[in-house]
Amino acid sequence: MTLRLPLAAFAAAVFAASAFAADPAPQATSPANPIGGKAAAAKAAPGEPRLIAWEELVPKDWDPMKALKGMDLSQLDDSDPRANDLLMKLQEASNNAPTNPAMNGVDIRIPGFVVPLEEDKGEVTEFLLVPYFGACIHTPPPPANQILHVRAQGAKFRAMDTVWVTGRLQTQRNDSMMGVSGYDISAKSVTRYTGGAK
């Protein structure tokens, strides 16, 4: 039996950091087609948060597929110890994915999907913001540089709701049971996603 799900699914999630859509489309998101994409990037008006795309969180010289170069995954069986070793190396690389230092301290606005971590009286007070539907819940987590740890004043959203988050971005790692985030943001606002840049 050839290796299909664990390594292949994880490789697809890691690959998400290097492939972006050109148009926000939450109903059709996937690791290869995250929300936001290249079209989201825009210059901010003075005093306004900058609308960013998920790709801006990834250093330009980072290659998430470096560990897979020259490998033929179809030659690995589920029981092959090399497959397990490779999966562990990919997980470690994903958890330690480098952040973009130029984004530290920037006031931003970004769309994404909610993965709740903490709730208080029916409101989410901490959550992970991820670029595609199902990340961290139905699929392996994206690389750390594609996960934002968000602290909010209490938002009435559920798992995988699509939202806009506005606040100051910090390059700070956080381990949670749902994934390792490379960024932290104390949200000034969390609002329902309405599509586009509005």
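**Notebook: aromatic pairs, core and a buried glutamine**

I began with Gln146, which counts as buried because its relative accessibility is 1%. I note here that the model is predicted.

**Entry on Gln146.** I looked up where this residue belongs and found Gln146 in the loop between S3 and S4. I then asked which backbone atom lies 3.1 Å from a polar atom of the Gln146 side chain. I found the backbone oxygen of Trp54 at that distance.

**Entry on Leu129.** I listed the residues that Leu129 touches, leaving out those up to four places away in sequence, and Gln146 and Trp54 are both among them. The list also includes Ile110, Pro111, Gly112 and Phe113, as well as Ile147, Leu148 and Val150. Val163 and Val165 are further entries in it.

**Entry on the nonpolar cores.** How many residues does the largest nonpolar core have? I recorded 23 residues, and Leu129 is one of those with the most contacts inside this core, along with Leu57, Ile108, Phe127, Leu148, Val165 and Val190. I checked which strands contribute to this core: S2, S3, S4, S5 and S6 supply at least two residues each. I also noted a second, separate core of 10 residues, with Leu117, Leu128, Val130 and Cys136 among its members.

**Entry on aromatic pairs.** I searched the whole structure for aromatic pairs and obtained two. In one of them, Phe113 and Phe133 meet edge-to-face, with 5.9 Å between centres and 85 degrees between the planes. This pair links distant parts of the chain, 20 residues apart: Phe113 belongs to strand S2 (residues 107–120), and Phe133 to the loop between strand S3 (123–130) and strand S4 (148–155). Are the two rings' residues buried or partly exposed? Phe113 counts as buried because its relative accessibility is 1%, whereas Phe133, at 43%, counts as partly exposed.

I then recorded Trp164 and Tyr193, a stacked pair with centres 5.4 Å apart and 25 degrees between the planes. This pair too links distant parts of the chain, with Trp164 in strand S5 (residues 162–176) and Tyr193 in the segment after strand S6 (179–192), 29 residues apart. Trp164 is buried, at a relative accessible area of 1%. Tyr193 has a relative accessible area of 12%, and since buried means under 20%, Tyr193 is also buried.

**Entry on Arg109.** Finally, I asked which ring the charged end of Arg109 sits over. I found that ring to be the one of Trp164, whose centre is 4.0 Å from the charged end.

Definitions and conventions
Residues numbered from 1 in each chain as written. Predicted model: local features only at pLDDT ≥ 70, side-chain atom pairs only at ≥ 80, totals over all residues. Heavy atoms only, no water. Phe/Tyr/Trp six-rings, centres within 6.5 Å; stacked < 30°, edge-to-face > 60°. Helix = DSSP H or I, 4+ residues; strand = E, 2+ residues; numbered from the N terminus. Buried < 20%, exposed > 50% of the residue type's maximum accessible area, 1.4 Å probe, protein only. Lys NZ or Arg CZ within 6 Å of the ring centre and 35° of its normal. Core = buried A, V, L, I, M, F, W, Y, C linked by side-chain atoms within 4.5 Å. Contact = heavy atoms within 4.5 Å. Polar contact = N/O pair within 3.5 Å; in protein donor to acceptor, adjacent residues only side chain to side chain.
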